[in-house]
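The following note sets out comments on the model for a colleague's consideration. The points proceed from the overall fold to individual contacts.

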Amino acid sequence: DTELPYAEKLSPERQSVAAPTQISMFGEKLARCFYGQDWTAREAALLRAEERVEEAVKASINGFEVAASMVSRTIDDTNLQVCFASLAFFRTLMEIKGAFAGDESRAVLKSILMSLIKKTSDSSARMRDVAADTLQELCHVEEVGPS
């Protein structure tokens, strides 16, 4: 398991609006790290969530949307390591059969796709390559690509 660093408590707003579903799926410490100011905490939260995402998505009614919203929030992070962790998390999410079914999923997916397309022109060659590879993999997901 990825070790989670210390992270500040969630603000009352985050505690009541954004974090409850993440707390129920992944625990409060992960949610605190995910919303933390320190990029290493955000990266660690994504890596830990990636380890547990399949189980968490299957155990929650809106699990895919919660996990995909985590990707949507971090894919454009100013720190490249957080972006790479976000893309790795998304790639793991893509492997879950049936994860992209439903209108809510498609709305979140559209946001992620737009960010991925922008990343293909990033100044970092590694980011461009990872984004292009992720888009290519996404084309093979049954609910997204050609049937």
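**Comments on the predicted model**

1. Among contacts in the protein between residues at least 6 apart in sequence, 65% join residues at least 24 apart. The model discussed here is a predicted one.

2. As to secondary structure, the protein contains 8 helices and 0 strands. Read from the N terminus, the order of elements is α-α-α-α-α-α-α-α. Of the 147 residues in the protein, 48% are buried.

3. The packing of α4 and α6 deserves a separate comment. Two packed helices are described by the angle between their axes and the distance between the axes. Here the axes of helix α4 (residues 39-59) and helix α6 (residues 80-94) cross at roughly 5 degrees and come within 9 Å of one another. An angle under 35 degrees counts as roughly parallel, and α4 is therefore roughly parallel to α6.

4. Which residues form the contact of α4 with α6? On the α4 side they are W39, R42, E43, L46, L47, A49, E50, V53 and V57, and on the α6 side Q81, V82, A85, S86, A88, F89, T92 and L93. By class, the residues of this contact comprise 11 nonpolar, 3 polar and 3 charged.

5. The geometry of α6 may be checked against expectation. With 15 residues, α6 spans 21 Å from its first C-alpha to its last, which is close to the 21 Å expected at 1.5 Å a residue.

6. Is α6 mostly covered or mostly uncovered? It is mostly covered, with 12 of its 15 residues buried. The buried residues of α6 are V82, C83, F84, A85, S86, L87, F89, F90, R91, T92, L93 and M94. Several residues of the contact with α4 recur in that set, including V82 and F89.

7. The start of α6 also merits attention. N79 lies in the loop between α5 (63-74) and α6, and this residue caps the N-terminal end of α6. The cap is formed by a side-chain oxygen of N79 that lies 2.8 Å from the backbone nitrogen of Q81. N79 counts as buried because its relative accessibility is 18%, where the cut-off for buried is under 20%.

8. R42 is a charged residue in helix α4. What places R42 in the buried class? Its relative accessibility is 12%, and buried means under 20%. The side chain of R42 makes a polar contact with the side chain of D77 at 2.8 Å. In addition, a polar atom of the R42 side chain lies 2.9 Å from the backbone oxygen of Q37. With neighbours within four places in sequence left aside, R42 is in contact with C33, F34, G36, Q37, D77 and V82. Of these, V82 belongs to the α6 side of the contact between α4 and α6.

9. A final comment concerns E28, which is found in helix α3 (residues 28-34). At 37% relative accessibility, E28 counts as partly exposed. Not counting residues up to four places away in sequence, E28 touches Q15 and I23. E28 and Q15 are 13 residues apart along the chain, and their C-alpha atoms are separated by 9.4 Å.

How values were computed
Residues numbered from 1 in each chain as written. Predicted model: local features only at pLDDT ≥ 70, side-chain atom pairs only at ≥ 80, totals over all residues. Heavy atoms only, no water. Axes fitted to C-alpha atoms, helices over the stretch in contact; angles between N-to-C directions. Helix = DSSP H or I, 4+ residues; strand = E, 2+ residues; numbered from the N terminus. Parallel < 35°, antiparallel > 145°, perpendicular 65-115°, else oblique. Contact = heavy atoms within 4.5 Å. Expected span 1.5 Å × (residues − 1). Buried < 20%, exposed > 50% of the residue type's maximum accessible area, 1.4 Å probe, protein only. Polar contact = N/O pair within 3.5 Å; in protein donor to acceptor, adjacent residues only side chain to side chain.
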